[in-house]
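Good morning, colleagues. Please keep the sequence and the structure in view while I describe a pocket, two cores and one serine.

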Amino acid sequence: MKQFYFFSLTFFISFCSFGQIILTESFDYTDGSLVGNGTWSNHSGTEGDLLISSGEAVVQHGSPSEDANISFTAVSGSIYYAFDFSVDDLGAPYSGSDNEYFAHFMVGTSSFTARLDIVPPASNGDFSVGIATLSSTAEAIWATDLSFETTYRATVKYDQDTNQTQLWINASSEEDTSIQGSDQDDPGNAITAFALRQSDSSENETVRVDNIIISQSFEATLTTNTPRSIADFKMFPNPSHLGHVNLLSNNTKTMEVTVYGLLGKSIFKASVTNKRLDISMLKPGVYIVEVFQNDALATKKLIIK
């Protein structure tokens, strides 16, 4: 099992039989702010009001304003994001024309692409979804209406060479029905992050998001064999110049730790029983710390000054 878990590490590309996974996120955190967990960071709005509830990210249009992202090293070719989502019951079908996107890829903190939004239904359903390559409004709409309080899996492809995006709902194959956003000028952007966005839309809907996979293949977005996260895991100080970091969780069992460079090369391994990891041998730079404890996993970016 450990060998498989290595391939689901956040922050760097790993190579496995079903494709290339860049990162996974199951939101297995204590209820409260998303930012401060994993490597999520705020890039806009009021920090702390994009929330985790019952193991899901809760994206609320309306008063909450925080936009948060999780970054990774840019890759070439096509890149995919996929996640489970549901929309809370509004009491009536979604309506209005201000349909704010709630998920997208990012370059830096201001250039957004592959934007996914909730839109009014075409017929007798509750809502539908739209996709845009670069626009802030949907360029293509999913033809089949969807229902409130029902979980769907959205899969979005962004081709960085052709600068075009593509959307599937509940797909099991890349050949399944899909829609495409507009074909923009080539080449496209080199993606460096995935983001969740809160704004003020016509209906101020609430979207619940779970089980994110970012990958370089459609097949890799289908995997569900990811390990659970270590509950309440913390690593500090970070950045560090002290020659050590503290590793804390709500479990007292031994932590098996591997430190990697950003290209995925293992630098050293250690068993931690006293909550302190010696990093005095590391040069200044950025590293990935992988921690296994009682069959659960945590990964953190570590900065050495």
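In what follows, Ala, Val, Leu, Ile, Met, Phe, Trp, Tyr, Cys and Pro count as nonpolar, Asp, Glu, Lys and Arg as charged, and the others, Gly among them, as polar. The model is predicted: local features need pLDDT of at least 70, side-chain atom pairs count only at pLDDT 80 or more, and totals for chains, interfaces and linings use all residues. Residues are numbered from 1 along each chain as its sequence is written, and side-chain values use heavy atoms, with hydrogens and water left out.

I begin with the pocket. By class, the lining of the second largest pocket comprises four nonpolar, six polar and three charged residues. A pocket here is an open set of points on a 1 Å grid over the protein atoms alone, where a 1.4 Å probe fits, with protein on both sides within 12 Å along at least five of seven lines; lining residues have an atom within 4 Å of a point. Among the 13 lining residues, Gly38, Thr39, Asn238, Lys300 and Lys301 are the closest to the centre of this pocket.

Next, serine 41. Is serine 41 buried or exposed? Serine 41 counts as partly exposed because its relative accessibility is 31%, where buried means under 20%, exposed over 50% and partly exposed in between (1.4 Å probe, protein chains only). Beyond its neighbours within four places in sequence, serine 41 is in contact (heavy atoms within 4.5 Å) with Val35, Asp67, Ala68 and Asn69. Serine 172 is 131 residues from serine 41 in sequence and 31 Å from serine 41 in space, C-alpha to C-alpha.Finally, the largest nonpolar core (buried Ala, Val, Leu, Ile, Met, Phe, Trp, Tyr and Cys residues joined through side-chain atoms within 4.5 Å) has 48 residues, and a second, separate core has 20.
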